[in-house]
Amino acid sequence: TFSEFLRAVGSGNLDAYARQIDALEPLPDLFANQLEERLRQYFSTGGMPEAVLRWAELMDMGAVDKVLSDLLDSYERDFAKHGGATLFAKLSFVWHSLPAQLARENKKFVWGLVRDGARAREYEDAVEWLADAGLVLRVRQNSGGGLPLSAYDSASAFKVYCMDVGLLRRLSRLDSSAFSLSDGLFTEFRGAFAENYALQALTPQLDAAPRYWTNEKPRHEVDLLVQLGNTIVPVEVKSGTSVDSPSLRYYARKHAGATPLRVRLSMRNLSMDGDLLNIPLYLADRAVSLMERALALGG
């Protein structure tokens with residue numbers, strides 16, 4: 001996690017500061033700027049312990065890339081070892097399709113990107129294997145119709161993300177400099193890295209796996225639906241500071257009375273504006289407690 005990364009690279013003071021945040025108000029620039037800078041590094045290294053350790057020791061992204069490449073190679077060997085010849089090929093095709101899946105505007109998993117002419121019945125066992133192994137995170141489409149969330153899942157529509165943003169960067173052959181630019185932070189792959197990171201951060205904090213929501217006409221999509229107690233909270237992930245959120249507004253209107261809180265994860269500072277909570281991406285590890293705080297204040 002980003003929290004663990006901060007402690008590993010000698011910024012335990014920043015982690016301790018983030019952990020004690022209680023008020024839903026902007027962080028002082030002194031802390032916000034440092035946390036943002038560390039988050040840029042985290043997007044490049046990811047959270048795999050050996051990669052983080054190499055960065056902490058050497059501050060050399062070339063050495064980090066070597067670790068990440070070695071990890072990717074080891075996963076490929078695991079595919080061969082555990083999958084057998086037939087499943088090995090399918091696992092490899094699905095795994096290597098991740099960057100193409102996430103580069104799309106609509107990130108719904110497309111079987112044809114796995115291999116030309118691929119069908120669900122041929123490859124769904126490979127997706128299942130990768131999800132069970134923890135190498136991918138699968139997010140199912142959900143109508144947001146009520147609780148439990150699982151009762152309103154789509155039978156076939158889902159997205160697939162990588163277990164770690166650093167591995168996704170290396171799998172995508174994206175240079176670490178993509179995350180060092182001050183403008184367009186994390187905008188590579190249409191914000192997919194920010195979504196991937198947010199999902200990684202949120203999932204361990206929740207009892208139920210996050211879902212996503214779409215509306216066809218007019219076209220709207222909410223990146224994540226999370227269940228907090230008996231409340232469904234729509235969450236939008238933005239990779240920068242330009243944060244208009246028409247889909248969040250549309251979802252709240254469509255589910256009026258059942259949506260006391262809307263949440264946006266972005267590079268803007270922490271703030272509460274009516275029913276809209278903006279959580280900076282560098283506080284994603286604290287997102288659930290901040291949402292619960294906002295719900296308590298709203299109640």
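**Figure 1. Asp-60 sits at the start of helix α5.** A side-chain oxygen of Asp-60 comes to within 2.9 Å of the backbone nitrogen of Gly-62. This is a polar contact (N or O atoms within 3.5 Å; within protein, one able to donate a hydrogen and the other to accept it; sequence neighbours count only if both atoms are side-chain atoms). The model is predicted, so local features need pLDDT of at least 70 and side-chain atom pairs pLDDT 80 or more, while totals for chains, interfaces and linings use all residues. Residues are numbered from 1 along each chain as its sequence is written, and side-chain values use heavy atoms, without hydrogens or water. Helices (H or I, at least four residues) and strands (E, at least two) are DSSP runs, numbered from the N terminus.

**Figure 2. Helix α5 is bent.** This helix covers residues 61–96. How far apart are its end C-alpha atoms? They span only 22 Å. A straight helix of 36 residues would span 52 Å at 1.5 Å a residue, where the expected span is 1.5 Å times one less than the number of residues. Where does α5 bend? The bend is at Gly-84, by about 135°. That angle lies between axes fitted to the seven residues ending there and the seven starting there.

**Figure 3. Met-59 and Arg-173 each have a positive phi.** Most residues other than glycine have a negative phi. Met-59 is not a glycine, yet its phi is about 50°. Its place is the loop between α4 (49–58) and α5. Met-59 counts as partly exposed, at 42% relative accessibility. (Buried means under 20% relative accessible area, exposed over 50%, partly exposed in between; 1.4 Å probe, protein chains only.) Arg-173 is not a glycine either, and its phi is about 55°. Arg-173 belongs to the loop between α8 (165–171) and α9 (192–202). Is Arg-173 buried or exposed? Arg-173 is exposed, at 57% relative accessible area.

**Figure 4. Two prolines follow cis peptide bonds.** Most peptide bonds are trans. One cis bond joins Leu-147 to Pro-148, with omega about -5°. Pro-148 sits in the loop between β1 (136–142) and β2 (153–162). Another cis bond joins Lys-217 to Pro-218, where omega is about -5°. The loop between β3 (211–215) and β4 holds Pro-218.

**Figure 5. The largest pocket is lined by 17 residues.** A pocket is an open set of points on a 1 Å grid over the protein atoms alone, where a 1.4 Å probe fits, with protein on both sides within 12 Å along at least five of seven lines; lining residues have an atom within 4 Å of a point. How much space lies in the largest pocket? About 440 Å³. Grid points are joined across faces, edges and corners, and the volume is the space filled by probe spheres set on the points. Nearest the pocket centre lie Glu-105, Lys-107, Glu-195, Asp-223 and Lys-238. Three elements, β4 (220–228), β5 (231–237) and α10 (246–254), give two or more residues to the lining. β4 gives the most, with three residues. Which classes make up the lining? There are 10 charged residues, five polar and two nonpolar. (Ala, Val, Leu, Ile, Met, Phe, Trp, Tyr, Cys and Pro count as nonpolar, Asp, Glu, Lys and Arg as charged, the others, Gly among them, as polar.)

**Figure 6. His-220 of strand β4 contacts Ser-247.** The two side chains are joined by a polar contact of 3.1 Å. His-220 is buried, at 14% relative accessible area.

**Figure 7. Ser-266 lies in strand β6.** The strand runs over residues 262–266. Is Ser-266 buried or exposed? It is buried, with a relative accessible area of 0%. A polar atom of the Ser-266 side chain lies 3.0 Å from the backbone nitrogen of Arg-268.

**Figure 8. Gln-41 and Arg-121 are helix residues.** Gln-41 belongs to α3 (residues 29–45). Gln-41 is buried, with 14% relative accessible area. Its C-alpha atom is 38 Å from that of Pro-218, 177 residues apart along the chain. Arg-121 belongs to α7 (residues 120–132). Arg-121 is exposed, at 69%. The C-alpha atoms of Arg-121 and Ser-97 are 17 Å apart, with their positions 24 residues apart along the chain.

**Figure 9. Leu-206 occupies the loop between α9 and β3.** Leu-206 counts as buried, at 10% relative accessibility. The C-alpha atoms of Leu-206 and Gln-34 are separated by 27 Å. Along the chain, these residues are 172 apart.
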